[in-house]
Amino acid sequence: MVSNITCAVKGLSFDEKRKRMMDIFHESQTPYLLKELEKIGPKQKGIVSQSVKDVVQSLVDDNMCYCEKLGTSNFYWAFPSEAAVKRQNKTKELEAEITQLESKKADLESSIAQAHLGREQTDERTALMEELAELEAKWGAQETELQQFKECDPALMAQKKEHAKAAQEAANRWTDNIFIMQSWTRDKFNMETENFNKFFEVPNDLDNV
């Protein structure tokens, strides 16, 4: 079987690297030197060492983790409680901004409708259309950012891990049942495993996950 980390290295997005780096901080609740993270990242989370510095710096820039210089060394850390408070505050801030944008959008659409009554392509109507397009772009960006913050929520991440664990256990139970059937038919009917797999369309490389 290919390990989870080996699979994860292939095609990890920058956002996924950020999430996994935050997992390192939250799971250990320990300050790290950058060189330590460059060793831990690849081993534990499949983050290539060359990208660790950029990933950590982006988290610092977004106030998702702390950087403190002690002596000549920089230490990085992020505790779950601190991250939760920051995400909660940021989420509330984004939701408030989105509410304001939606209100402004409704006002603009009303103004455009009024300007459209005479169907004249006036300078005012053109300006309103341009402002509406700009507002919609900003609203979309805020929605995207809000979704990213929600995806980093520790409770949601824990729930996803529980679902993945339950799915893995269920898959392994079915795999074990197939192995039991293979043994039973081999002992009862002298059917070789290869013939069993071919007859029941079971992959020859079937294994637990």
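How many helices and strands are there in the protein chain? I looked this up before anything else, working from a predicted model. I found eight helices and three strands. Going along the sequence, I wrote down the pattern α-α-β-α-α-β-β-α-α-α-α.

**Entry: overall numbers**

I took two totals for the protein chain. The chain has 209 residues, and 27% of them count as buried. For contacts with a separation of 6 or more, I noted that 62% come from residues 24 or more positions apart.

**Entry: α2 against α4**

I turned next to how the helices pack. Two packed helices are described by the angle between their axes and the distance between the axes. Helix α2 covers residues 14-28 and helix α4 covers residues 49-61; their axes come within 10 Å and cross at roughly 80 degrees. An angle of 65 to 115 degrees counts as roughly perpendicular, so I entered α2 as roughly perpendicular to α4.

Which residues make the contact? On the α2 side I listed F14, K17, R18, M21, M22 and F25. On the α4 side I listed S51, V52, D54, V55, V56, S58 and L59. Sorted by class, the contact of α2 with α4 has eight nonpolar, two polar and three charged residues.

**Entry: α2 against α3**

I then checked α2 against helix α3, residues 34-45. Their axes also come within 10 Å, and the crossing angle is roughly 105 degrees. I therefore put α2 and α3 down as roughly perpendicular to each other.

From α2, the residues R20, M21, D23, I24, F25 and E27 take part. They meet L37, I40, G41, Q44 and K45 of α3. The residues of this contact divide into five nonpolar, two polar and four charged. I marked M21 and F25 in my list, since M21 and F25 appear in the contact with α4 and in the contact with α3.

**Entry: aromatic pairs**

How many aromatic pairs are there? I counted two.

One is F25 with Y32, a tilted pair with 6.3 Å centre to centre and 45 degrees between the planes. Both F25 and Y32 are buried.

Another is Y66 with W77, a stacked pair with 5.5 Å centre to centre and 20 degrees between the planes. Y66 sits in strand β2 (residues 66-70) and W77 in strand β3 (residues 73-77), eleven residues apart, and the pair links distant parts of the chain. Are Y66 and W77 buried or partly exposed? Y66 is partly exposed, with a relative accessible area of 31%. W77 counts as buried at 18% relative accessibility, because the limit for buried is under 20%.

**Entry: cysteines**

How many disulfides does the count come to? I got zero disulfides. I looked at C65 and C67 to see why. The closest cysteine sulfur to that of C65 is in C67, 7.5 Å away, which is too far for a bond. Starting from C67, the closest cysteine sulfur is in C65, again at 7.5 Å and too far for a bond. A disulfide needs the sulfur atoms within 2.5 Å. I also noted accessibility: C65 counts as buried at 3%, whereas C67 counts as partly exposed at 35%.

**Entry: positive phi**

Most residues other than glycine have a negative phi. I found positive values at Q29 and N63. Phi of Q29 is near 50 degrees. Q29 is in the loop between α2 and β1 (32-33) and is partly exposed, with a relative accessible area of 47%. Phi of N63 is near 60 degrees, and N63 is in the loop between α4 and β2.

**Entry: two residue pairs apart in sequence**

Where does K138 lie? I placed K138 in helix α6, residues 123-151. K138 is partly exposed, with a relative accessible area of 49%. From K138 to L101 I counted 37 residues in sequence, and the C-alpha atoms are 8.3 Å apart in space.

I did the equivalent for F196, which is in helix α8, residues 193-199. F196 is buried, with a relative accessible area of 4%. F196 and M181 are 15 residues apart along the chain, and their C-alpha atoms are separated by 9.0 Å.

Key: Residues numbered from 1 in each chain as written. Predicted model: local features only at pLDDT ≥ 70, side-chain atom pairs only at ≥ 80, totals over all residues. Heavy atoms only, no water. Buried < 20%, exposed > 50% of the residue type's maximum accessible area, 1.4 Å probe, protein only. Axes fitted to C-alpha atoms, helices over the stretch in contact; angles between N-to-C directions. Helix = DSSP H or I, 4+ residues; strand = E, 2+ residues; numbered from the N terminus. Parallel < 35°, antiparallel > 145°, perpendicular 65-115°, else oblique. Contact = heavy atoms within 4.5 Å. Nonpolar A, V, L, I, M, F, W, Y, C, P; charged D, E, K, R; others polar. Phe/Tyr/Trp six-rings, centres within 6.5 Å; stacked < 30°, edge-to-face > 60°.
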